[in-house]
Amino acid sequence: MNVGDFIQSSAFVEQNGIVIEVERDADGPWYQVMWLKVNKGYFGYKGSRPLPRKEWVRGHEIEARDIS
């Protein structure tokens, strides 16, 4: 995956975002994702509290989303 790719969470249905940065370490790539839509089952969701919109994830936590 590359910066600008539209992705979805592998764990949470209807949680979509965009890759905004890619970093690599000895274990492979990390992707910083800006979530555009966050599912209510997402860790940290408390209803009225603002959700974290950016986070670093591994490739197995996200998958490419086809928007064509």
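These legends accompany close-up views of a predicted model. Local features need pLDDT of at least 70, and side-chain atom pairs count only at pLDDT 80 or more, whereas totals for chains, interfaces and linings use all residues. Residues are numbered from 1 along each chain as its sequence is written, and side-chain values use heavy atoms, with hydrogens and water left out.

**View 1. The whole chain: five strands and zero helices.**
Along the sequence the pattern reads β-β-β-β-β. Strands (E, at least two residues) and helices (H or I, at least four) are DSSP runs, numbered from the N terminus. Of the 68 residues in the chain, 28% are buried. Buried means under 20% relative accessible area, exposed over 50%, and partly exposed in between (1.4 Å probe, protein chains only). The accessible surface of the chain is about 4,700 Å². Carbon and sulfur atoms hold 51% of that surface. Accessible areas come from the Shrake-Rupley method with a 1.4 Å probe; for residues, only the protein chains shown count as cover. Among contacts between residues at least 6 apart in sequence, 44% join residues at least 24 apart. Contact means heavy atoms within 4.5 Å.

**View 2. The open sheet, in the order β4-β3-β2-β1-β5.**
Five strands form this sheet, and their pairing is antiparallel. The edge strands are β4 and β5 (62-64), and each pairs on one side only. Neighbouring strands are turned by 45 degrees against each other on average, direction ignored. Axes here are lines fitted to C-alpha atoms (for helices, over the stretch in contact), with angles from 0 to 180 degrees between N-to-C directions. Two strands pair if DSSP finds at least two bridges between them.

**View 3. Strand β1 (residues 6-9) and its pairing with β5.**
Three bridges join β1 and β5 in the antiparallel sense. Gln8 stands opposite Glu63 in β5. β1 also pairs with β2: three bridges join these antiparallel strands. Here Phe6 has Ile18 of β2 as its bridge partner.

**View 4. The hairpin of β1 and β2, with six residues between the strands.**
Glu14 is found in the loop between β1 and β2. The phi of Glu14 is near 60 degrees, a positive value in a residue other than glycine.

**View 5. The hairpin of β2 and β3, joined through two residues.**
Nine bridges join β2 to β3, and the two strands run antiparallel. Glu23 has Trp30 in β3 as its bridge partner.

**View 6. Arg58 and its surroundings in strand β4 (residues 54-58).**
Arg58 counts as buried, at 16% relative accessibility. Leaving aside neighbours within four places in sequence, Arg58 is in contact with Asp25, Asp27, Gly28, Pro29, Trp30 and Tyr31. The side chain of Arg58 reaches the backbone oxygen of Gly28 at 3.3 Å. A polar contact is a pair of N or O atoms within 3.5 Å. Within protein, one atom must be able to donate a hydrogen and the other to accept it, and residues adjacent in sequence count only if both atoms are side-chain atoms.

**View 7. The salt bridge between Asp25 and Arg58.**
The two side chains meet at 3.7 Å, N to O. Asp25 lies in strand β2 (residues 16-25) and Arg58 in strand β4, so the pair ties together parts that are 33 residues apart in sequence. Asp25 is partly exposed, with a relative accessible area of 38%. A salt bridge is a side-chain nitrogen of Lys or Arg within 4 Å of a carboxyl oxygen of Asp or Glu.

**View 8. The salt bridge between Asp27 and Arg58.**
Here the side chains meet at 3.9 Å, N to O. This pair links distant parts of the chain, 31 residues apart: Asp27 is in the loop between β2 and β3 (28-37), and Arg58 is in strand β4. Asp27 counts as exposed, at 66% relative accessibility.

**View 9. The salt-bridge network of Asp25, Asp27 and Arg58.**
A search of the whole structure finds two salt bridges. Salt bridges link Asp25, Asp27 and Arg58 in a network. Within this network, Arg58 is buried, Asp25 is partly exposed, and Asp27 is exposed.
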